[in-house]
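These are my notebook entries on one structure, set down for a reader who has not met it before. I begin with how strands pair and then turn to other parts of the fold.

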Amino acid sequence: MTYDSIIIGAGLSGLTCGLLLAKSGRRVLILEQHSEPGPVVRGFLRRGIYFDSGFHYAGGLGEGGPLRLLLKHLGLVEKLKFLPFVADGFDRLRITGSGDDIALPVGMARIAAHLSELFPHLQSEIITFLDEIEERWCDFPYLNLNKDFTAVGLASLDELSLARRLEVFSSAPELQTLLSMHALLYGIAPQQASVTLNAQVAGSYFHSAHGIDGGGRRLIDACLQRLTESGATVRCRADVVQILSSDGKVAGVQLADGEIIAATEVIATCNPALVPAMLPAGVLRPAYRKRLEQLYQTPSALILYARCATPTSTLRRTNLFVCPKPGTLQVALDRTLEDRPMYLAGADHCPDTDGTRGVIAIIPADFDEVAARQNSTGQRCSEYLNWKKQMARRLVRHVMTSVPELGELEPLDMATPLTLHDYSRAPQGAIYGVGRVMGQYNPQPQTRLPGFYLSGQAVAGPGLLGTLVAGYYTCGTIMGHELLRGELRTCR
């Protein structure tokens, strides 16, 4: 069978592309190498506790928020229940040994008032900084429907880094840490991250912070329901090894088992660094091929999944960032794990209590820390499995020491850079894939091979909002941006 559109990857960008293209009347096939769609976002159960994996919370889901509008247009809002995070502190910062946490309330005005109260001598600088975030965080044509696409250009090589911008707060290193801690959620150190990138991520949470009842699994299931309703097809255990071309344009794909599937459009949502090896020789210009292969990849991570002895309210609809010392956030992978910053989220929120039954802890890590612990065929060896158990126990002790109010924790599982590599195939197990570092031109949806397009967070931005916007950006490139934006306007 010949399809109009084949999408490689059933992650959130791939599912978004599938929904938009199927809605336009195209015959759509989504191919996923894993046994289930959305493997990174779907989450999993351990000992009866549901743990989210690639989704923990989302920004911009409040009333009037751009993410809510996108989900409404996709027909997902009525299938999902949004859970607002704690209004007085959706995110909190704890600097080791410093005493009380610093909480971030929901809403720009409330954040400005709270931080001005804590740091009165910096009130003017705080308000100016937050005004900049307000201006920049949704300044993209699919988030701001009044923005003209002709005003969208490549990021300036001369844009100020977040670290440089935060120098104005050098008299309050705790404030510098607070305003840079969301770098943990996009994997770029403040010295390499632009002010705009940080505004896009942090600003969405400042606007509003929500979870989804049922977590990432419920979100993926809702997407699949809509795809079925739209007539699209999703195939799992379908590993695309080559993108085919004929007469100078895309012709379809070939799977690992040799099956050839014809299509007039192909969208790759995988890490762009993997794309050159999938294309016939000579299709890409050498400079562009090199650019894709050398895109900056974010660090990897160790992710602990643990069970609380008793339900705890510490992480119920609120997150905790733990940093070893104040100042602009440093993600030094050469330090011991206990000296790296850490992100903590709750798992399996109890509907009848104010507590959570599980804890998720994410700590940056380097692929080289575990790469040597697999055998020559890439299989896990006993040394790796023993090391993984030891690290899980070590991380539990570290979390319990840093956040004693969580009580006793039992490690149930742990993801390592090798785990992340298996699920996303990102080079070096990059937790957020391609990083949008300053001075790097990230790929655009359209390529030089007619009918072949890119999507995924690398072309728009990280997080749930970034991946959905990437789907719109790619499909707008195919179908017409003003057509899609016109549809969005009717959903407001």
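Two strands count as paired if DSSP finds at least two bridges between them. I note at the outset that the model is predicted.

**Entry 1: a three-stranded sheet**

With that criterion in hand, I looked up a sheet of three strands, which is open, antiparallel in its pairing and ordered 5-9-6. Strand 5 (58–59) and strand 6 (82–84) stand at the edges with a single partner strand each, so one side of each has no neighbour in the sheet. I then checked the contact between strand 5 and strand 9, and found two bridges in the antiparallel sense. Ala-58 has His-210 of strand 9 as its bridge partner.

**Entry 2: strand 14 and its partners**

I next followed strand 14, residues 300–312. Strand 14 runs antiparallel to strand 17 (residues 356–365), and nine bridges join the two. One of the pairs I recorded sets Tyr-305 against Ile-360 in strand 17. Strand 14 also pairs with strand 18 (residues 409–415), again in the antiparallel sense, over six bridges. There I noted Cys-308 opposite Leu-409 of strand 18.

**Entry 3: the second largest pocket**

I asked which elements supply at least two residues each to the lining of the second largest pocket. They are strand 4 (49–51), strand 9 (209–212), helix 8 (215–230) and strand 16 (342–349). Strand 16 gives the largest share, with five residues. The pocket holds about 420 Å³ of space, and 27 residues line it. Leu-83, Ile-212, Gly-214, Asp-348 and His-349 are the lining residues nearest the centre. By class, I recorded 12 nonpolar, eight polar and seven charged residues in this lining.

I looked further at Asp-348, which belongs to strand 16. Its phi is positive, about 55°, although Asp-348 is not a glycine. Most residues other than glycine have a negative phi. Asp-348 counts as partly exposed because its relative accessibility is 22%, and the partly exposed class lies between 20% and 50%.

**Entry 4: the largest cavity**

How many cavities of 30 Å³ or more does a search of the whole structure find? The search finds one. I noted a volume of about 40 Å³ for the largest cavity. Its lining includes Tyr-186, Ile-188, Leu-197, Thr-298 and Tyr-432. Val-434, Gly-435, Arg-436, Gln-457 and Pro-462 are also among the lining residues. Six of the lining residues are nonpolar, three are polar and one is charged.

**Entry 5: helix 7**

Leu-197, a lining residue of the largest cavity, is also one of the buried residues of helix 7. Helix 7 covers residues 195–207, 13 in number. I compared its span of 17 Å, first C-alpha to last, with the expected 18 Å, and the two are close. Where does helix 7 bend by about 30°? The bend is at Val-201, which is itself buried. Helix 7 is mostly covered, with 10 of its 13 residues buried; among them are Val-195, Asn-198, Tyr-205 and Phe-206.

**Entry 6: helix 13**

I then turned to helix 13, which has 17 residues, 463–479. The helix reaches 24 Å from its first C-alpha to its last, close to the 24 Å expected. I recorded 15 of the 17 residues as buried, and helix 13 is thus mostly covered. Gly-480 follows helix 13 and has a positive phi, near 115°.

**Entry 7: three loop residues**

Is Val-275 buried or exposed? Val-275 is buried, because its relative accessible area is 1% and the buried class is under 20%. I placed Val-275 in the loop between strand 13 (260–268) and helix 9 (286–293). Its C-alpha lies 42 Å from that of Phe-169, and 106 residues separate the two in sequence.

Glu-167 sits in the loop between helix 5 (162–165) and helix 6 (173–180). At 45% relative accessibility, Glu-167 is partly exposed. From Glu-167 to Phe-119 I noted 48 residues in sequence and 15 Å in space, C-alpha to C-alpha.

Gln-428 lies in the loop between helix 12 (417–424) and strand 19 (452–454). Gln-428 has a positive phi of about 60° without being a glycine. With 42% relative accessibility, Gln-428 counts as partly exposed.

Terms used:
Residues numbered from 1 in each chain as written. Predicted model: local features only at pLDDT ≥ 70, side-chain atom pairs only at ≥ 80, totals over all residues. Heavy atoms only, no water. 1 Å grid on protein atoms, 1.4 Å probe; cavity = no way out; pocket = protein on both sides within 12 Å on 5 of 7 lines; lining within 4 Å. Points joined across faces, edges and corners; volume = space filled by probe spheres on them. Helix = DSSP H or I, 4+ residues; strand = E, 2+ residues; numbered from the N terminus. Nonpolar A, V, L, I, M, F, W, Y, C, P; charged D, E, K, R; others polar. Buried < 20%, exposed > 50% of the residue type's maximum accessible area, 1.4 Å probe, protein only. Expected span 1.5 Å × (residues − 1). Bend = angle between axes of the 7 residues up to and from the residue.
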